[in-house]
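User: I would like to work through a structure step by step. Please show the sequence and the structure before we begin.

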Amino acid sequence: MLLDELTGYAPGRLPMHMPGHKRNTALADYLKALRADLDITEIDGFDDLHAPEGALLDGMRRAARLWGADESRFLVNGTTCGLLAAVYALAADGGRAIVARNCHKSVYHALELTGVEPVFVMPDVDAETGVCGRIPPEDVRRALEEAPDARFVLVTSPTYEGVISDIAAICRAAHERNVPVIVDEAHGAHLGLCDEAFPADAMRMGADISVKSVHKTLPSLTQTAILLARHDRVDMAALDHALDIFETSSPSYLLMASIDGCVSLMERRGAEILTSWRQALDEFYEGTAALSNLRVHRQDEPSKLVIDTTQAGITGFELSRRLREENVELEMASLRYAVAMTGAGDTRETLRKFLNALKTVDRALSAPPVPPAPAPSAQPASASLPVLPRPVRVLPPKMALHAPSEDVSAREAVGRVSACYAWAYPPGVPMLVPGERVPEGFAELWAEWEKSGAKLVTTRGSLRVIRE
């Protein structure tokens with residue numbers, strides 16, 4: 001393992017190279033706490049992420065076998081880096097592609113950089129909570145008929161909320177036309193490792209490229225990910241060139257050792273760890289039957305705990321605030337729900353504590369609020385979200401971003417062509433994409449997000465539309 005090599009590296013060797021702390025942990029307490037004594041650069045005997053021949057190459061081969069791929073690549077710039085590279089490798093010179101509209105912002109940035117024109121397929125949307133559902137395979141098939149020259153298909157599965165699309169059917173539709181399929185599987189690193197505990201992953205469903213954030217659900221450090229690929233429709237030389245562009249040339253060996261260690265752990269004890277995690281989840285879900293106001297939905301991918309607040313008279317943001325008072329920090333909050341992420345490090349004990357915190361909040365919701373809940377958090381039980389219609393694209397995103405534009409209010413934007421991205425973060429799925437005509441209902445939805453206290457992000461710090 002790479003970590004063994006790092007810990008066994010001769011401590012007396014004089015480091016006349018980067019990094020500047022020189023592995024001198026006596027210089028500052030934080031260096032000792034962060035194990036800077038193991039933080040090196042590309043030196044003799046420690047392999048090179050961009051041209052691996054030793055421990056890194058061995059780790060990548062083991063990861064490919066573990067998830068059933070032909071090859072894998074360690075990523076220290078997260079799934080974002082892998083998605084940018086995948087799109088660039090398959091369509092650096094532009095063209096068209098079939099893209100799920102609920103993709104992460106990194107996908108849109110990849111389209112912008114390459115000039116690829118997206119033919120969007122829309123997920124089903126739950127009107128009550130606003131949770132994006134599955135991408136219908138028949139819609140992908142129709143989109144491929146509309147764009148037979150498509151360079152790739154790209155979907156997110158599982159989503160932030162744990163929704164899994166029928167990747168096998170999507171791959172069949174694409175592969176009939178020899179079109180490769182990229183799956184943003186950032187939230188599904190644990191899938192495909194234990195069939196008795198969790199669903200199969202995209203590789204086993206036929207995907208050509210899958211990018212997994214091992215840090216999201218598996219025991220690995222933040223920022224670590226793995227790209228998996230099959231040879232049939234992917235030029236690995238082009239993919240490696242793309243990674244040279246988008247991934248740092250000074251990768252952290254601590255992060256790479258984390259990925260390598262995670263792969264080794266899953267090889268040795270993956271079934272045991274994932275089975276224990278799943279049993280703890282099942283016990284948690286059984287306990288949620290005692291909730292009176294809050295509802296916890298069991299998703300396709302059960303490690304994501306989606307807590308529906310539509311019957312509780314509060315927003316997901318208010319639920320997040322109340323749980324914080326119980327010493328629980330959620331992953332994300334939305335207008336009608338919140339998401340608690342679990343991971344391989346969770347146990348029966350941690351999930352019991354979370355369930356008890358939910359029960360405490362749930363009981364408080366049954367009593368009249370004292371003092372009365374503030375207006376921004378109030379929400380009638382019958383309220384439903386405005387569901388935006390399928391967007392009408394007028395210009396490619398890249399062209400719209402660079403067109404002459406002006407700042408407008410949300411209400412003034414309706415009917416105009418967007419010159420910006422607009423999203424609530426997390427999860428970073430755009431409500432507006434440059435080049436789309438701003439639909440009816442957007443102003444009301446934007447106002448509701450603002451009122452709730454959500455973190456709203458736009459490309460240039462304001463809503464912008466193309467100048468008429």
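User: Is Val408 buried or exposed?

Analyst: This is a predicted model, and the answer rests on a computed accessible area. Val408 has a relative accessible area of 14%. Buried means under 20%, so Val408 is classed as buried.

User: Where is Val408 found?

Analyst: Strand S13 covers residues 405-407, and helix H14 covers residues 410-413. Val408 belongs to neither element, but lies in the loop between S13 and H14.

User: Leaving aside neighbours within four places in sequence, which residues is Val408 in contact with?

Analyst: Contact here means heavy atoms within 4.5 Å. With the neighbours within four places in sequence left aside, the contacts of Val408 are Ala413, Arg416, Leu463 and Val465.

User: How many Å apart in space are Val408 and Ser462, C-alpha to C-alpha?

Analyst: In sequence, 54 residues separate Val408 and Ser462. In space, their C-alpha to C-alpha distance is 7.9 Å.

User: What is the order of the strands in the open sheet of seven strands?

Analyst: The pairing in this sheet is mixed. Its edge strands, each pairing on one side only, are S1 (71-75) and S3 (117-121). The order is S1-S7-S6-S5-S4-S2-S3.

User: Which residue in S5 does Thr156 stand opposite?

Analyst: Strand S4 (residues 153-156) and strand S5 (residues 181-184) run parallel and are joined by four bridges. Opposite Thr156 stands Asp184.

User: What angle does the direction of helix H7 make with that of S5?

Analyst: Helix H7 (residues 167-175) packs on the sheet, where it touches S4 and S5. Its direction and that of S5 make an angle of about 155°.

Terms used: Residues are numbered from 1 along each chain as its sequence is written. This is a predicted model: local features need pLDDT of at least 70, side-chain atom pairs count only at pLDDT 80 or more; totals for chains, interfaces and linings use all residues. Side-chain values use heavy atoms; hydrogens and water are left out. Helices (H or I, at least four residues) and strands (E, at least two) are DSSP runs, numbered from the N terminus. Buried means under 20% relative accessible area, exposed over 50%, partly exposed in between (1.4 Å probe, protein chains only). Two strands pair if DSSP finds at least two bridges between them. Axes are lines fitted to C-alpha atoms, for helices over the stretch in contact, and angles run from 0 to 180 degrees between N-to-C directions.
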